[in-house]
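Reader: I'm new to this structure and would love a close look at a single part of it. Please start with how that part is put together, and then show me what surrounds it.

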Amino acid sequence: MTANSSPWPGRLAVYPGSFDPLTTGHVDIITRGARLFDRIIVAILVNAEKAPLFSMAERLEIARDVFRDLPNVEVDTFDGLLVDYVKRRGAHAIVRGLRAVSDFEFEFQMALMNRRLEAAIETVFMMPAEQYSYISSRLIKEVFALGGRVSGLVPEMVEARLRDKQADLARK
Ligand code: PNS
């Protein structure tokens, strides 16, 4: 196959998720993805949770700020079926992070369902650096809410926003 007949023109990938909030594990995967693909779109799911801690505007602002110096990272939102969004954007790959074996079952189901829905779209699994393998947005929110330190586990902007939210709650 010649370079011109590549089935992945432009090697554009979509990295979907809720990102409520973005963690250093996500940042690690996106940075790796940006080296592997010509362009990677961080696609934030609208309405993933009924009551997200971070509004969509905040999640967009945070991700755009964190990746402001990586020109091949785009941040966008999507709703509806992921494969429809991926197709609409002209991408051919979905990137997902695999932290541990426990992630595998759900990720495997999603990858195969997405393939059944759209056979031309491949899911590419990437592993974060091992020091991030236990981080999840859910645990970050829980640990912070209970007074634990999350520095180094989320971008500084996320930590600052978490503190603001806590201060707002304390004032009420
Ligand atoms: O950060 P998350 O919550 O692990 O991301 C899950 C996400 C957004 C990838 C998944 O919920 C999703 O793709 N939702 C869009 C709706 C969809 O396409 N569902 C079928 C997936 S097989």
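**The sheet and its surroundings**

Author: Happily! Strand S2 (residues 39-45) and S3 run side by side in the parallel sense, paired over six bridges. Two strands count as paired here if DSSP finds at least two bridges between them. The helices (H or I, at least four residues) and strands (E, at least two) are DSSP runs, numbered from the N terminus. Before going further, please note that this is a predicted model: local features need pLDDT of at least 70 and side-chain atom pairs count only at pLDDT 80 or more, while totals for chains, interfaces and linings use all residues. Residues are numbered from 1 along each chain as its sequence is written, and side-chain values use heavy atoms, with hydrogens and water left out.

Back to our two strands. Val42 stands opposite Val75 in S3. A salt bridge also joins the two strands: the side chains of Glu74 and Arg39 meet at 2.9 Å, N to O. Because Glu74 belongs to strand S3 and Arg39 to strand S2, this pair ties together parts that are 35 residues apart in sequence. A salt bridge means a side-chain nitrogen of Lys or Arg within 4 Å of a carboxyl oxygen of Asp or Glu. Glu74 counts as partly exposed, at 23% relative accessibility, and Arg39 is partly exposed too, with a relative accessible area of 33%. For these words, buried means under 20% relative accessible area, exposed means over 50%, and partly exposed lies in between (1.4 Å probe, protein chains only). The link reaches beyond this pair, as Arg39, Glu74, Asp76 and Arg89 are linked in a network of salt bridges.

Now let's step back to the whole sheet. Five strands form an open sheet in the order S3-S2-S1-S4-S5, with parallel pairing. Its edge strands are strand S3 (73-78) and strand S5 (122-126), each pairing on one side only. On average, neighbouring strands of this sheet are turned by 30 degrees against each other, direction ignored. For such angles, axes are lines fitted to C-alpha atoms, for helices over the stretch in contact, and the angles run from 0 to 180 degrees between N-to-C directions.

On its other side, S2 meets S1: the two pair in the parallel sense over six bridges, and Gly17 stands opposite Ile44 in S2. Six of the six residues of S1 are buried, so this strand is largely enclosed by the rest of the structure. Leu12, Val14 and Pro16 point one way from S1, while Ala13, Tyr15 and Gly17 point the other way, and all are buried.

What follows strand S1 (12-17) is worth a pause. Phe19 is found in the loop between S1 and H1, and it has a positive phi of about 50 degrees although it is not a glycine. Phe19 is buried, with a relative accessible area of 5%. In the loop between strand S1 (12-17) and helix H1 (24-36) you will also find Pro21; a cis peptide bond joins Asp20 and Pro21, with omega at about 5 degrees. As background, most residues other than glycine have a negative phi, and most peptide bonds are trans.

Next, the helices around the sheet. Helix H2 (residues 56-66) lies across S2 and S3, running at about 170 degrees to S3; contact means heavy atoms within 4.5 Å. Helix H2 has a salt-bridge partner as well: Arg161 pairs with Glu61, their closest N and O atoms being 3.0 Å apart. This links distant parts of the chain, Arg161 in helix H6 (residues 156-171) and Glu61 in helix H2, 100 residues apart. Arg161 counts as buried at 18% relative accessibility, whereas Glu61 counts as partly exposed at 40%.

Strand S4 brings in another helix. The side chains of Arg96 and Glu107 meet in a salt bridge (2.8 Å, N to O). Since Arg96 lies in strand S4 (residues 93-97) and Glu107 in helix H4, the pair ties together parts that are eleven residues apart in sequence. Arg96 is buried, with a relative accessible area of 19%, and Glu107 counts as buried at 6%. In total, the structure holds 16 salt bridges.

Helix H4 (residues 101-117) also contains Val101, which counts as exposed at 72% relative accessibility. Val101, Phe104, Phe108 and Leu112 make a nonpolar surface patch of about 400 Å². Patches are made of residues with over 30% relative accessible area and no salt bridge, like charges being joined within 9 Å and nonpolar side chains (Val, Leu, Ile, Met, Phe, Trp, Tyr) within 5 Å. Accessible areas come from the Shrake-Rupley method with a 1.4 Å probe, and for residues only the protein chains shown count as cover.
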